Amino acid sequence: MMKHRIAAKSLTRASVAALVSAVAAALLIAVPASNAASGSGPAPQFTLDSRAGSKISLAQYKGQVVMLNFWASWCGPCRQEMPLLENIYKKYNKMGFTLIGVNVEPDSKAAEGFLQQTPVSFPVIYDKDSTVSKAYDVSGMPSTVIIDRKGNIRVLHRGYKPGDENEYLDSIRTLVRE
């Protein structure tokens, strides 16, 4: 019993975050996508509060290619991916593309702290009660959905590992040309 207490006390915040990320990644592999977010069909509509204080709805981006990136501040891969997403947004937002960060934490304080350290220029919305996450069948972090100009889900990507941004870029380039 004493050994377990000592081991638990020696866990660092980074090791706990790594453990949570590993468990989340394992869950992503184990849970198949439902029909609601299987990579096709109409994207579920939503309206949520944004970081900027206004309401953001998917409908206001009709006619654009939209990437929804579901993330949490405790998610290591999300933190790694965020600067890459910012670069993608800056490069393609003038071509009919937008990116919306969907933070899934019930309390946005940790997200705000992370965004202070890693600022982004794309809109960030707060899905505090998980209504949008449920509509898109998000089962782990990060999850990325890319929606075409007609409002249909074209890409569903679960998790993140270095290099995945190239898949995002290929999809975005194709869809902005359609």
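Is D164 buried or exposed? I looked this up before anything else, in what is a predicted model, and found D164 buried, with a relative accessible area of 3%.

**Entry 1: the salt bridge at D164**

I then asked what the side chain of D164 meets, and found a salt bridge with K161, at 3.0 Å from N to O. K161 counts as exposed, at 51% relative accessibility, so I noted that this salt bridge joins an exposed lysine, K161, to a buried aspartate, D164.

**Entry 2: other salt bridges**

My search of the whole structure gave eight salt bridges, and I wrote down a few of them. One is the pair of D137 and R158, whose closest N and O atoms are 3.6 Å apart. Because D137 lies in the loop between α5 and β6 while R158 belongs to strand β7 (residues 153-158), this pair ties together parts that are 21 residues apart in sequence. I also checked the backbone of D137 and found its phi near 55 degrees, a positive value in a residue other than glycine.

Another is the pair of R173 and D170, whose side chains meet at 3.3 Å, N to O. Both residues sit in helix α6 (residues 164-177), where, being three residues apart, they are separated by about one helical turn. R173 counts as partly exposed at 28% relative accessibility, and D170 likewise counts as partly exposed, at 47%. I noted besides that D148, R154 and E178 are joined into one network by salt bridges that share partners.

**Entry 3: aromatic rings**

How many aromatic pairs does the count come to? I found four, and followed those that involve Y136. F46 and Y136 form an edge-to-face pair, with 6.4 Å centre to centre and 75 degrees between the planes. Since F46 lies in the loop between α2 (13-30) and β1 (47-49), and Y136 in the loop between α5 (131-135) and β6 (143-147), the pair ties together parts that are 90 residues apart in sequence. I looked up the burial of F46 and Y136 and found both buried.

The rings of F70 and Y136 have their centres 5.8 Å apart and their planes at 45 degrees, so I entered this pair as tilted. Here F70 lies in strand β3 (residues 65-71) and Y136 in the loop between α5 and β6, so the pair ties together parts that are 66 residues apart in sequence. F70 is buried, as is Y136. Taken together, the ring pairs link F46, F70 and Y136 into a cluster.

**Entry 4: backbone details**

In the loop between α5 and β6 I also found P142, and the peptide bond leading from M141 to P142 is cis, with omega near -20 degrees. D137 is found in that loop as well. For S130, I noted a positive phi, near 65 degrees, in a residue other than glycine. S130 is found in the loop between β5 (124-126) and α5, and is partly exposed, with a relative accessible area of 23%.

**Entry 5: the disulfide**

Which cysteines form a disulfide? I found C75 and C78, with their sulfur atoms 2.4 Å apart, and the count comes to one disulfide. The link of C75 and C78 is right-handed, with 80 degrees about the S-S bond. I checked the accessibility of C75 and C78 too, and both are buried.

Key:
Residues numbered from 1 in each chain as written. Predicted model: local features only at pLDDT ≥ 70, side-chain atom pairs only at ≥ 80, totals over all residues. Heavy atoms only, no water. Disulfide = S-S within 2.5 Å. Buried < 20%, exposed > 50% of the residue type's maximum accessible area, 1.4 Å probe, protein only. Phe/Tyr/Trp six-rings, centres within 6.5 Å; stacked < 30°, edge-to-face > 60°. Helix = DSSP H or I, 4+ residues; strand = E, 2+ residues; numbered from the N terminus. Salt bridge = Lys/Arg side-chain N within 4 Å of Asp/Glu carboxyl O.
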